[in-house]
Amino acid sequence: MDLSAVHAALADKSYSAVASLCDDLLLQAAYRGAATDDWPYEVHLLAHLYLNDLNSARFLWKSTPQEAKDARPELAAVWRIGQCLWNRDYARVYTAAQGFEWSPEIADFVAAFLESYRKRIFQLLTSAYSTISVADVAHFMGMNEEDATNYAMQNGWSLDAMTKMLTVVKPKVKTNQKLDASKLQRLTECVFHLEH
């Protein structure tokens with residue numbers, strides 16, 4: 001089975017392309033009746049987690065042969081991350097990812113996943129809170145309190161050192177309205193019609 005496209009995407013750190021490449025290749029292998037004993041289930045599963053596609057990750061896990069699940073500790077470790085995501089156990093995502101000795105082939109991908117996940121959680125915190133405790137940010141971000149405070153302040157949040165509360169700064173929503181001549185003409189006609 002030719003996995004060169006998957007290896008090239010991993011080497012180029014084009015992680016968002018890996019899931020669709022793996023999906024297509026696995027379908028082709030199934031169509032041809034090719035053996036999938038050496039299939040990189042770890043990479044495939046992590047690729048779905050990287051895209052936050054938990055349904056595809058669960059489906060892949062359920063369709064993965066039991067022999068592969070039993071024989072590959074790295075695959076089980078990726079699935080532990082998936083379980084934490086599915087259960088919304090935010091802090092354990094970091095524990096599961098950082099608590100395993102990843103092979104060199106997948107270590108950078110796991111690190112990229114964690115960075116992407118951390119950014120996604122930070123965006124969720126930004127949209128959900130106006131103020132939040134340093135301890136809660138540290139919990140959700142998988143960091144110690146000092147690192148969480150620094151991360152938040154680097155992103156524009158402010159700290160009340162007395163209460164150990166962070167004030168969230170919402171990003172400015174930029175709306176670009178494009179007015180072309182026809183829209184302006186219709187608006188002028190509407191206003192003219194209303195005035196007379």
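**Legends: a two-domain chain in close-up**

**View 1. Overall dimensions of the predicted model.** The protein chain has a radius of gyration of 23 Å, whereas a compact globule of 196 residues would have one near 16 Å. The model shown is predicted. Taken along the principal axes, the C-alpha atoms fill a box of roughly 80 × 55 × 30 Å.

**View 2. Order of helices and strands in the protein chain.** The chain holds 11 helices and 3 strands. Read from the N terminus, the elements follow the order α-α-α-α-α-α-α-α-β-α-α-β-β-α.

**View 3. Domain 1 and domain 2 of the protein chain.** Domain 1 covers 1-128. Domain 2 covers 132-195. Over C-alpha atoms, the centres of the two domains lie 31 Å apart. The domains also touch: 12 residues of domain 1 are in contact with 14 residues of domain 2.

**View 4. Area buried between domain 1 and domain 2.** The size of an interface is often given as the accessible area lost when the parts come together. Here the two domains bury about 1,100 Å² between them. Carbon and sulfur atoms carry 71% of that area. On the domain 1 side, Phe122, Leu125 and Thr126 stand out. Together they supply 52% of the area that domain 1 buries against domain 2, more than any other three residues.

**View 5. Polar and charged pairing across the interface of domain 1 and domain 2.** The count of salt bridges between the two domains is 0. Polar contacts do occur: 5 residue pairs cross the interface, with both residues of each pair at pLDDT 80 or more.

**View 6. The side of domain 1 that touches domain 2.** Two elements give two or more residues to this side: helix H7 (90-98) and helix H8 (104-128). H8 provides the largest share, 9 residues. By residue class, this side of domain 1 has 7 nonpolar, 2 polar and 3 charged residues.

**View 7. Salt bridge between Lys13 and Asp108.** The salt-bridge count comes to 4. One pair is Lys13 with Asp108, whose closest N and O atoms are 3.2 Å apart. Lys13 sits in the loop between helix H1 (4-11) and helix H2 (18-32). Asp108 belongs to helix H8. The two residues are 95 residues apart, and the pair links distant parts of the chain. Helix H8 thus appears in two views: it holds Asp108, and it gives 9 residues to the side of domain 1 that touches domain 2.

Key. Residues numbered from 1 in each chain as written. Predicted model: local features only at pLDDT ≥ 70, side-chain atom pairs only at ≥ 80, totals over all residues. Heavy atoms only, no water. Domains from an automatic or database assignment. Contact = heavy atoms within 4.5 Å. Buried area = accessible area lost by both parts, 1.4 Å probe. Salt bridge = Lys/Arg side-chain N within 4 Å of Asp/Glu carboxyl O. Polar contact = N/O pair within 3.5 Å; in protein donor to acceptor, adjacent residues only side chain to side chain. Helix = DSSP H or I, 4+ residues; strand = E, 2+ residues; numbered from the N terminus. Nonpolar A, V, L, I, M, F, W, Y, C, P; charged D, E, K, R; others polar. Rg over C-alpha atoms; globule rule 2.2 N^0.38 Å.
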